[in-house]
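I opened this entry to keep track of what I looked up, one topic at a time. Strand pairing comes up before anything else.

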Amino acid sequence: MASGRRAVQSGLNIPFIKRNPNENLHMELSIPAHFRCPISLELMKDPVTASTGITYDRQNIETWIELGNQTCPTTNQALKSEDLIPNHSLRRMIQDWCVANRSSGIERIPTPRIPATPTQVLELLSEIASSSREGDRLRCCELVAEIKDLWRESKRNRQCIASCGSGRILSNSFREVARGSTVNSTTGVMEEILSAIVGLFPLDSEAHRHIGAPESLEAIVSILKTGDLGGKLNAALVLKELVASVDAEQIDVLAETDGLIEALVKLIEKPISPQTTKASLVATFYLVSSSERAAERSVEMGLVSLLLEILVDWEKSMYEKALGVLDGVLDYKRGREMAYDHSLTVPVLVKKTFRVSDMATGFAVSALWKLCKNYNKEGGERAGEGFLVEALEVGAFQKLLLLLQVGCGGTTKEKASELLKLLNGSRERVECIETADFKGLKRPF
């Protein structure tokens, strides 16, 4: 069979070679020329006719157009994807031929689904918008499910749905449903809408405005707290998309949403899936990096301890995100105070300066730099030289020196150099220990 397909691609008229085990000979089977796609020379599965009158397999001609070609491969005349018309007669003939040659090992090609059209999608979206305004939750849920079914069918459908402004309309429908009644009575339809919105990233500014409205955020927080597993994941993903796309002033407004920070920290504290935890960490990173209120509230929720635990026990894929969030909260005094008082802070940060990624190294060095730079006035019981001594004891000086030798980014290099200067004065009185060994450290929980 494989040798037959190679023959077709070479232009030979021997597309299939089937070995008969009973007769121990090769039976050659030729594909009729008009059943082959002019582009691939293979049997067409979904024949469509272009405006030039030439029939191609849909996948091949759509790929041709997506690559930027605007002319028919056979006639060189102007060609547009909207001109592709299903050739049902030829498709049925191909299916009949496959059935007639089943004994030669030819499988019947399935009848392809008709791709979604802009008209069809826009009609669905209009009905979704109408049902959400009127409070018909059941009908809205059914229509969103139809959009999702079309989305799953093919790449072409996904492109069509996205090009029709679905993100804006679905985001507004989510807002309308959230506004129309109590959250508990509409959770099902809102979770359904969120799951459809996730497939439409990145969203535009109008969609962000709808999702960022107070009533929408209240609904998202409720789903983060009480939704099912899929609902919590989609709510976290939508929130991540929102906070990653707006400016610092807007994030400050988002941070005022009642229960938002608590819901994210709870998902980090009690993970339900790796993807949900990652989305929650990224959303938290953007919030704490731009909003002092968000950072302080997160710290009061015990975020520093949670992050340090992640950096000790969890999988590597979480390290960058956890370090980024930790570095963000250390911009603020309360975050640094909590870090000074935790026995894992220094050994964990020193250990993560290497062997994770360049980004993780940058965050770890930055976090150490913020702590060392401010330790004299904020270190509490660890103030004075004690904090520097602890860093030296777990090998910070050697790690930073090696980091400068192997090379790192400009900002990281500057902070590492400054850290070396801060640590150098206490080097002679310190005996280093192995940073990989956390067994002797007492954890405060």
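I looked up Val48 and found its bridge partner in E4 to be Tyr56. The model is predicted, so I kept its confidence cut-offs in mind. Strand E3 covers residues 47-49 and is joined to E4 by 3 bridges. The two strands run antiparallel.

Next I traced the sheet around them. It is open, has 3 strands and follows the order E4-E3-E5. The pairing is antiparallel. Which strands stand at the edges? I found E4 (55-57) and E5 (85-86) there. Each has a single partner strand, so one side of each lacks a neighbour in the sheet.

I then checked what packs on this sheet. Helix H2, residues 58-66, lies across E3, E4 and E5. H2 runs at about 90° to E4.

Two backbone entries belong to this part of the chain. Leu41 sits in the loop between strand E2 (25-29) and E3. I noted its phi near 65°, positive in a residue that is not glycine. Leu41 is partly exposed, at 27% relative accessible area. Asn76 sits in the loop between H2 and E5. Asn76 is not a glycine either, yet its phi is positive, about 70°. Is Asn76 buried or exposed? I read a relative accessible area of 58%, so Asn76 counts as exposed.

I turned to the nonpolar cores. The largest holds 109 residues. Leu170, Phe174, Ile193, Ile197, Leu224 and Leu326 touch the most other members. Helix H20 (residues 358-378) supplies the largest share of this core, 10 residues. Another core, of 20 residues, lies apart from it. I found Leu43, Tyr56, Cys72 and Ile94 among its members. Tyr56 is the residue I had met as the partner of Val48.

I listed contacts for Ile197, leaving out neighbours within four places in sequence. They are Leu170, Ser171, Phe174, Leu203, Ile211 and Val238.

I also looked for a cis peptide. The bond from Phe201 to Pro202 is cis, with omega near -5°. Pro202 lies in the loop between helix H8 (183-198) and helix H9 (205-211).

Last, I checked confidence. Mean pLDDT for the chain is 85, and 85% of its residues reach 70 or more. Residues 1-27 fall below 50, with 46 contacts in the model beyond near neighbours in sequence. Residues 432-445 stay under 50 as well, with 32 contacts beyond four places in sequence. Where pLDDT is low, predicted coordinates should not be read in detail.

Notes
Residues are numbered from 1 along each chain as its sequence is written. This is a predicted model: local features need pLDDT of at least 70, side-chain atom pairs count only at pLDDT 80 or more; totals for chains, interfaces and linings use all residues. Side-chain values use heavy atoms; hydrogens and water are left out. A nonpolar core is a set of buried Ala, Val, Leu, Ile, Met, Phe, Trp, Tyr and Cys residues joined through side-chain atoms within 4.5 Å. Buried means under 20% relative accessible area, exposed over 50%, partly exposed in between (1.4 Å probe, protein chains only). Helices (H or I, at least four residues) and strands (E, at least two) are DSSP runs, numbered from the N terminus. Contact means heavy atoms within 4.5 Å. Two strands pair if DSSP finds at least two bridges between them. Axes are lines fitted to C-alpha atoms, for helices over the stretch in contact, and angles run from 0 to 180 degrees between N-to-C directions. pLDDT is the predictor's confidence in each residue, from 0 to 100.
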